[in-house]
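Q: I'm new to this one and would like to go through it slowly. Could you put it up so that we can look at it together?
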Amino acid sequence: MKENKIIKVEGFELMDSRSNPTVGARVTLCDGSCGFAISPSGASTGEFEAHEKRDGDSARYSGKGVKTAVEGINGEICRELTAKGCFTQRSLDEFLISLDGTENKSRLGANAILAVSLAFAKANASSLKLPLYRYLGGINGVTLPKPMMNILNGGAHAANNIDIQEFMIMPVGAESFSEGLRYCSEIYHTLGSILKERGKATGVGDEGGFAPDLESDEEAIELIVEAINKSGYTTDDIKIALDVASSEWYKSGEYLMPKRNQKMTADGLIDYYENLIKKYPIISIEDGVAEEDWTAWNAITGRLGDRVQLVGDDLFVTNTARLAKGIAEGAGNAILIKPNQIGTLTETLDVIELAQKNGYKTVISHRSGESEDTTIADLAVAVNAGQIKTGAPCRTDRVAKYNRLLLIENELNCRC
């Protein structure tokens, strides 16, 4: 990637999809090219994520304001970047990490650093008159991901009585991204109709999935299977993926499902998943055990890893050191990629490369607090990730990513 001189960096306090402040940044290059990006924010966050800098001023946004992070962009970051001037993406990201000077980006904030990092990439893509996926992936970035679509929410993402955080569908039988998106949208609408017919709530959670109260987490899966069949598909075409978010349940070596007040050991929890995958068409489980329960990760991988995708989110937090430990210890077989967990584009690309070299599948992911920014759609294509998590097809912050992928699919088809 060529060096380009930065002449201006601007930060903004904006709003995310949960009506909380977030950080936006604009980077302008000497040729007039601009890039703009917005950092997302998570609700269910891993302990080892890079630090999201917030003001802590209870008089503004209940302490969630990001004015200090934005002031850092408009002050120190702008001053230092424009003084040095020319950067590649890697040298820019390394400079920002050094400028911050902390292990977890807590001084300047990963939310500020990521916004600048992504905005710089977009400015360079604009300068070269390339779409972002082509700038990042070159001629090899051609694979549209399968959507891993959230259609029913629980856990920290919904105010209901369901403990599992996300119930998702994957259109494995679809021959194109657009066809798969259609399958998922039709099933989503059918599920809404089923819930309405049964007098269940059809309000949605943070990521757009329905969030009804149900008799059990298993009932949620059964409703999804029913929606698949009523939509005219089979469980050969459509599979189910779960994001358990079990780190939220883990305390003193045991797992407590908080909404149902049900306690389990790690072995009991793995037994529970094994029974689910025998009974239902489940092909992926994310964060099935807790981020620091390495013994349980080894156990679940040994027992279930040859049958389902076991995705580390809180476990790996898009961090090369934690992924390397997981590879060495045989923990999981896939990684969730969230750029704001690590804080720069370069570090995100490095962890994707490490995963793919070691046979771990990659799932590019949104956060529960999102915006109209579509960077992750381009990233998924650029690195040929094969899978993307970006919510239900009903909120603009989620639909924006799907629409971006539809446009990319159209561009790639037109070039063939």
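**The pocket, the strands and the helices**

Q: Let's begin with the largest pocket: which element gives the largest share of its lining?
A: H9 does, with 3 residues, the largest share of the lining of the largest pocket. Please keep in mind throughout that this is a predicted model.

Q: Which elements give two or more residues to that lining?
A: They are helix H9 (320-329), helix H10 (339-342) and H11.

Q: And how many residues line it, and which lie nearest the centre?
A: The lining of the largest pocket is made of 17 residues, and of these Phe48, Glu103, Asn104, Asn319 and Ile342 lie nearest its centre. The volume of this pocket is about 330 Å³.

Q: Changing topic, what is the order of the strands in the open sheet?
A: The order is E5-E16-E15-E14-E13-E12-E8-E7-E6, which makes 9 strands in an open sheet, and the pairing is mixed. Strand E5 (146-147) and strand E6 (149-153) stand at the edges with a single partner strand each, so one side of each is left without a neighbour in the sheet.

Q: Is E6 enclosed or left open by the rest of the structure?
A: E6 is largely enclosed by the rest of the structure, because 5 of its 5 residues are buried.

Q: How does E6 join to E7?
A: E6 and strand E7 (residues 166-170) run antiparallel and are joined by 4 bridges. Looking at particular pairs, Leu152 has Phe167 in E7 as its bridge partner, while Asn153 has Glu166 in E7 as its bridge partner.

Q: What sits in the loop between E6 and E7?
A: One residue to look at there is Asn160, which lies in that loop. Asn160 counts as buried, because its relative accessibility is 9%, and the cut-off for buried is under 20%.

Q: What does Asn160 contact, apart from its neighbours within four places in sequence?
A: With those neighbours left aside, Asn160 is in contact with Asn153, Gly154, Gly155, Ala211, Pro212, Asp213 and Lys259. In the case of Ala211, the two residues are 51 residues apart along the chain, and their C-alpha atoms are separated by 6.3 Å.

Q: Let's go to E1 and E2, how do they pair?
A: E1 and E2 pair in the antiparallel sense over 9 bridges, and Glu10 stands opposite Arg26 in E2. The two strands form a hairpin with 5 residues between them.

Q: What about Ser19 in that turn?
A: Ser19 has a phi near 65°, which is a positive value in a residue other than glycine. Ser19 is partly exposed, with a relative accessible area of 49%.

Q: And E2 itself, is it mostly covered or mostly open?
A: Strand E2 (residues 21-29) is mostly covered, with 8 of its 9 residues buried. E2 also pairs with strand E3 (residues 34-38) in the antiparallel sense, over 5 bridges, and in that pairing Ala25 stands opposite Ala37 in E3. The hairpin of E2 and E3 has 4 residues between the strands, and within this hairpin Gly32 takes a positive phi near 90°.

Q: Now a helix: how far does H2 reach?
A: Helix H2 (residues 89-100) has 12 residues and reaches 17 Å from its first C-alpha to its last, which is close to the 16 Å expected at 1.5 Å a residue.

Q: Which residues of H2 are buried?
A: They are Gln89, Leu92, Asp93, Leu96, Leu99 and Asp100. These residues cover an arc of only 125° around the axis, which puts them on the same side of H2.

Q: What do they pack against?
A: The buried residues of H2 pack against strand E1 (4-15), helix H1 (67-84), strand E4 (86-87), helix H3 (110-127) and helix H11 (345-357).

Q: What follows H2?
A: Gly101 follows H2, and the phi of Gly101 is positive, near 80°.

Q: Last topic, where is Asp378, and is it buried or exposed?
A: Asp378 is in helix H12 (residues 375-382), and Asp378 is buried, with a relative accessible area of 3%. Not counting residues up to four places away in sequence, Asp378 touches Pro131, Leu132, Tyr133, Arg404 and Ile408.

Definitions and conventions:
Residues numbered from 1 in each chain as written. Predicted model: local features only at pLDDT ≥ 70, side-chain atom pairs only at ≥ 80, totals over all residues. Heavy atoms only, no water. Pairing = 2+ DSSP bridges. Expected span 1.5 Å × (residues − 1). Buried < 20%, exposed > 50% of the residue type's maximum accessible area, 1.4 Å probe, protein only. Arc of directions from axis to C-beta. Contact = heavy atoms within 4.5 Å. 1 Å grid on protein atoms, 1.4 Å probe; cavity = no way out; pocket = protein on both sides within 12 Å on 5 of 7 lines; lining within 4 Å. Points joined across faces, edges and corners; volume = space filled by probe spheres on them.
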